[in-house]
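I opened a fresh page for this one and wanted to look at aromatic rings first, then at a helix. Here are my notes, in the order I looked things up.

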Amino acid sequence: MLSESQFEETFGGERRKHSPMLLSPALLVVDLQNYFTDRESRAYLQGIEVVVSNSARLIEGFTTFGFPVALTVHRGGSEMMMQWWRNTVEDSWAVPQFTGLPIFYKDTYDAFHETALDSFLKSWGVNQLAICGARTHLCCETTARSAFTNGYATMMIEDALCDKGIDRHICSLKNLANGFSMISRTAEILNLLKGHPK
């Protein structure tokens, strides 16, 4: 996560070209599960507690204003994921941080791949995804690119995304900002929700 000045220095130019705005949005919380949040897990991400806290604020905001929220949980592993990582995510590490929301289980990076996410979003009339969760340059970035090619505007919420190392986090968001996604932060999204004309 970046300081306010780092955020402006890194993304200010792209944000002036593509100012954050809400269309008909849904919040997608990607893989905030014990595999990444439990300190005993091999995949624990340092600093993810802040991301969980900001994601909770976002979930409350979206639900308060009547916009859909969905979760993804990574479980198992596709053949390619097993070839690359040489492991799978066992069911015991597929426990989401949040409950009472629609969950889409996936076994690869892309949350749209062989899931019902697209149908869910269409049923709500969604045309934009605000994305938070883990890890920025893997499942979150891949899902943002897939959303874009499936016809959804995308917004990445910088202080509600987490990765293993700030370099991967920044590089991923810089690439997305150049060709795919608006970049925002939790407080800004919550303010936009308050002013949304829904």
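Entry one: burial. I checked Phe 7 and Phe 11, and both are buried. A reminder to myself: this is a predicted model.

Entry two: where they sit. Phe 7 and Phe 11 both belong to helix H1, residues 4-17, and are 4 residues apart, about one turn of the helix. I keep the textbook rule beside this: an α-helix has 3.6 residues a turn, so residues three or four places apart point the same way.

Entry three: ring pairs. I found 7 aromatic pairs in the structure. I looked up the one formed by Phe 7 and Phe 11: the ring centres are 5.5 Å apart and the planes meet at 55 degrees, so I noted the pair as tilted. Elsewhere, ring pairs join Phe 104, Phe 120 and Trp 124 into a cluster.

Entry four: charges over rings. Phe 7 came up again, with Arg 185 over its face at 4.9 Å from the ring centre. I also noted Arg 75 over the face of Tyr 105, at 3.8 Å from the ring centre.

Entry five: helix H3. I traced H3 over residues 48-64, which makes 17 residues. From first C-alpha to last it reaches 24 Å, close to the 24 Å expected at 1.5 Å a residue. Which residues of H3 are buried? My list includes Ile 48, Val 51, Val 52, Ser 55, Leu 58, Ile 59 and Phe 62. Among the elements covering the buried residues of H3 I wrote down strand S1 (25-30), strand S4 (128-134) and helix H8 (186-194).

Last entry: after the helix. H3 is followed by Gly 66, and I noted its positive phi, near 85 degrees.

Methods
Residues are numbered from 1 along each chain as its sequence is written. This is a predicted model: local features need pLDDT of at least 70, side-chain atom pairs count only at pLDDT 80 or more; totals for chains, interfaces and linings use all residues. Side-chain values use heavy atoms; hydrogens and water are left out. Rings of Phe, Tyr and Trp (its six-membered ring) pair if their centres lie within 6.5 Å; planes under 30 degrees apart count as stacked, over 60 as edge-to-face and the rest as tilted. Helices (H or I, at least four residues) and strands (E, at least two) are DSSP runs, numbered from the N terminus. Buried means under 20% relative accessible area, exposed over 50%, partly exposed in between (1.4 Å probe, protein chains only). A charge sits over a ring if NZ of Lys or CZ of Arg is within 6 Å of the ring centre and within 35 degrees of the ring normal. The expected span of a helix is 1.5 Å times one less than its number of residues. Contact means heavy atoms within 4.5 Å.
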